[in-house]
Amino acid sequence: MDLHTEFEINRQTRKNILLTINNLNEDIINVIPKGFNNNIAWNIGHILITHQLLVYGLSGVEMKIPDNWVEKYRKGSRPGERISYEEFQQIKEIFISTIDWAETDYNAGKFSKFKAYNTSYGFPLDRVEDVLRFVYAHDAFHWGVIISILKLI
């Protein structure tokens, strides 16, 4: 199945997110506005981790991110400590690459074994193709959260 369009939509969404956060400093990325339980840095890490967990994790394929990021940014987590600008930059550096890697790995057939998962969004993921269509909606949602945080600070 050719999913090039899905990968391109995800890449473009991530490029737009990077444009939104491009010139933010360490203080801004760590602000948690009143009524929020996370910050810009957490949202960027969460976008990256969710993609890796859903695409790679549910397929039983080794993820391409540091293990310590998973607990820090997964669904249900919150920023416990200040997120360093260095870590934020590391996440940004592979923000697009993770989509490229997933496309290469998908085309190589690495995601043939997939464990179905029901998202909290109410969308069932029965095949990796479902994930590849779902993640850009997830990314766009968190982009909206980032924009909301920026408007409040």
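**Overall architecture and local packing of the predicted model**

The accessible surface of the protein chain amounts to about 8,000 Å², and carbon and sulfur atoms contribute 51% of this area. The model described here is a predicted one. Buried residues account for 46% of the 153 residues in the protein chain. Along the principal axes, the C-alpha atoms occupy a box of roughly 45 × 25 × 25 Å. A compact globule of 153 residues would be expected to have a radius of gyration near 15 Å, and the value of 15 Å found for the protein chain agrees with this expectation. Among the contacts with a separation of 6 or more, 73% join residues that are 24 or more positions apart. The charged side chains comprise 17 positive and 19 negative groups, and the centres of the two sets are separated by 5 Å.

The secondary structure of the protein chain consists of 7 helices and 2 strands. Read from the N terminus, the order of the elements is α-α-α-α-α-α-β-β-α; the two strands are thus preceded by six helices and followed by one.

Helix α6 spans residues 97-107. Its buried residues are Thr-98, Ile-99, Ala-102, Glu-103, Asp-105 and Tyr-106. The cover over the buried residues of α6 includes α1 (4-21), α3, α5 and α7 (128-152). The buried set includes acidic side chains, Glu-103 and Asp-105. Glu-103 has a relative accessibility of 12% and is therefore classed as buried. Beyond the neighbours within four places in sequence, Glu-103 makes contact with His-4, Phe-7 and Arg-11. Just after α6, the backbone at Gly-109 adopts a positive phi of about 80°.

A second glutamate, Glu-62, is placed in the loop between α3 (40-55) and α4 (67-73). With a relative accessibility of 71%, Glu-62 counts as exposed, whereas Glu-103 counts as buried. The C-alpha atoms of Glu-62 and Thr-50 lie 14 Å apart in space, with a sequence separation of 12 residues.

Helix α3 contains Ile-44, a residue that counts as buried because its relative accessibility is 0%. Apart from neighbours within four places in sequence, the contacts of Ile-44 are with Ile-17, Ile-21, Phe-88, Ile-91, Phe-95 and Ile-146. Ile-44 and Tyr-73 are 29 residues apart in sequence, with a C-alpha to C-alpha distance of 8.7 Å.

His-138 belongs to helix α7 and is buried, its relative accessible area being 13%. When residues up to four places away in sequence are not counted, His-138 touches His-46, Ile-47 and Thr-50. By contrast, His-138 and Arg-78 are 17 Å apart, C-alpha to C-alpha, at a sequence separation of 60 residues.

Aromatic side chains form 5 pairs in the model. One of these joins Tyr-56 and Phe-111 in an edge-to-face arrangement, with the ring centres 4.9 Å apart and an angle of 90° between the planes. Tyr-56 is located in the loop between α3 and α4 and Phe-111 in the loop between α6 and β1 (117-118), so the pair ties together parts of the chain separated by 55 residues in sequence. Both Tyr-56 and Phe-111 are buried. Another pair, formed by Tyr-85 and Phe-88, is tilted, with 6.1 Å between centres and 40° between planes. Tyr-85 and Phe-88 are separated by about one helical turn, because they are 3 residues apart in helix α5 (residues 85-94). The accessibility of the two rings' residues was assigned to separate classes: Tyr-85 is partly exposed at 29% relative accessibility, while Phe-88 is buried at 0%. Phe-88 also appears among the contacts of Ile-44. Finally, Tyr-121, Phe-123 and Phe-134 together form one aromatic cluster.

Conventions:
Residues numbered from 1 in each chain as written. Predicted model: local features only at pLDDT ≥ 70, side-chain atom pairs only at ≥ 80, totals over all residues. Heavy atoms only, no water. Helix = DSSP H or I, 4+ residues; strand = E, 2+ residues; numbered from the N terminus. Rg over C-alpha atoms; globule rule 2.2 N^0.38 Å. Buried < 20%, exposed > 50% of the residue type's maximum accessible area, 1.4 Å probe, protein only. Contact = heavy atoms within 4.5 Å. Areas by Shrake-Rupley, 256 points an atom, 1.4 Å probe, with all protein chains shown as cover. Lys, Arg positive; Asp, Glu negative; His and termini not counted. Charge placed at Lys NZ, Arg CZ, Asp CG, Glu CD. Phe/Tyr/Trp six-rings, centres within 6.5 Å; stacked < 30°, edge-to-face > 60°.
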